[in-house]
Amino acid sequence: MNKIECVIMDWAGTAVDYGCFAPVAAFVECFKNMGLTVTAEETRAHMGMTKIEEIRALFAIDHVREEFAEKYGRDYNEDDVQACYKGFQDKLMATLADYSEPIDGVVETVAALKAQGIKLGSTTGYTKTMMDIVIKAAAEKGYTVDNCVTSDNMPGGRPKPYMIYKNMCDLDVASRHSVVKFGDTIADIKEGANAGVWSVGVILGSNELALTRDEVAAMPADELKRRMACVRNRMYAAGADFVVDDITELPGLIDSINARMNR
């Protein structure tokens, strides 16, 4: 019988940090400290990539490139990217533990999956040093996985598939058809699609929806439904096999995938 043996989770916006706010704040602040302006929306457009690659992408935005040239009298270079990345790391490392609260339903759902014998891997746009903080803080709040792979020493981060393949090696999962990649960004969706595994997006708590719990609770139902539909459409357009509202739908979805593979 063919079945799902492994779920590979993203972290911020999927498992912890409802709305994926920790990296957004750090990106905005590190550019501000250089006298440059990037918006939260601009940072979210590239979320899920490795953080150094996201900073490169933000520098390449026309208005940021122009602001830099006007302020410094030259074009930006890799030294400037690295200086901004250093500021980003300092800001993020100081706040990561504060953004480690598991998203609603994550702890209970993951426990149920583990009880079924499903292995829990994870990938992330954070570095190993960053994840050392997040893993410890999340564990103290009840969330753990069996394996965490960062892009350190990989040929590349998302949307390339290498972190998924490394999880499969580490967890001894032989078939890509037995793996679900579960994440909240377009980069997550593309990572799963590029790896050839089941790529599943999640909406509530996600970077793509970009709302706090309170904002979700206070929003008129029709407006929330409209915004969620927009996220769903973007994820399907990026290559998602399935998109769920929240993680509590994942066990039922896995049952459906298992049934599909054994027709």
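What follows is a walk through one helix pair, one further helix and three backbone features of this predicted model.

A pair of packed helices offers a starting point, and two packed helices are described by the angle between their axes and the distance between the axes. Here helix H1, residues 22-32, packs with helix H5, residues 78-95, at an angle of about 135°, and the two axes lie 8 Å apart. Because angles over 145 degrees would count as roughly antiparallel and those from 65 to 115 as roughly perpendicular, H1 is classed as oblique to H5, and the crossing of the two helices is right-handed. On the H1 side the contact is made by Ala22, Pro23, Ala26, Phe27, Glu29, Cys30 and Phe31, which meet Cys84, Gly87, Phe88, Lys91 and Leu92 of H5. Sorted by class, this contact of H1 with H5 holds nine nonpolar residues, one polar residue and two charged residues.

Just as H1 can be read through its partner, helix H6, which spans residues 106-115, can be read through its buried and exposed residues. An α-helix has 3.6 residues a turn, so residues three or four places apart point the same way. In H6 the residues Val106, Thr109, Val110 and Leu113 are buried, and because they cover an arc of only 95° around the axis, they fall on the same side of the helix. Glu108 and Ala115, by contrast, are exposed on the other side of H6. The cover over the buried residues of H6 includes strand E1 (6-9), strand E2 (119-122) and helix H12 (250-261). After H6 comes Gly117, which has a positive phi near 90°.

Positive phi values also occur at two residues that are not glycines, and their surroundings deserve a separate look. Cys20, with a phi of about 55°, sits in the loop between E1 and H1, and its relative accessible area of 1% means that Cys20 is buried, since that value is under 20%. Asn153, with a phi of about 65°, belongs to the loop between H7 and H8, and because its relative accessibility is 81%, which is over 50%, Asn153 counts as exposed.

The loop that holds Asn153 also contains Pro159, as it runs between helix H7 (128-140) and helix H8 (162-171). The peptide bond that leads from Arg158 to Pro159 is cis, and its omega is near 5°.

Technical notes
Residues are numbered from 1 along each chain as its sequence is written. This is a predicted model: local features need pLDDT of at least 70, side-chain atom pairs count only at pLDDT 80 or more; totals for chains, interfaces and linings use all residues. Side-chain values use heavy atoms; hydrogens and water are left out. Axes are lines fitted to C-alpha atoms, for helices over the stretch in contact, and angles run from 0 to 180 degrees between N-to-C directions. Helices (H or I, at least four residues) and strands (E, at least two) are DSSP runs, numbered from the N terminus. Angles under 35 degrees count as roughly parallel, over 145 as roughly antiparallel, 65 to 115 as roughly perpendicular and the rest as oblique. A crossing is left-handed if the near helix is turned anticlockwise from the far one by less than a right angle, and right-handed if clockwise. Contact means heavy atoms within 4.5 Å. Ala, Val, Leu, Ile, Met, Phe, Trp, Tyr, Cys and Pro count as nonpolar, Asp, Glu, Lys and Arg as charged, and the others, Gly among them, as polar. Buried means under 20% relative accessible area, exposed over 50%, partly exposed in between (1.4 Å probe, protein chains only). The arc is that of the directions from the helix axis to the C-beta atoms.
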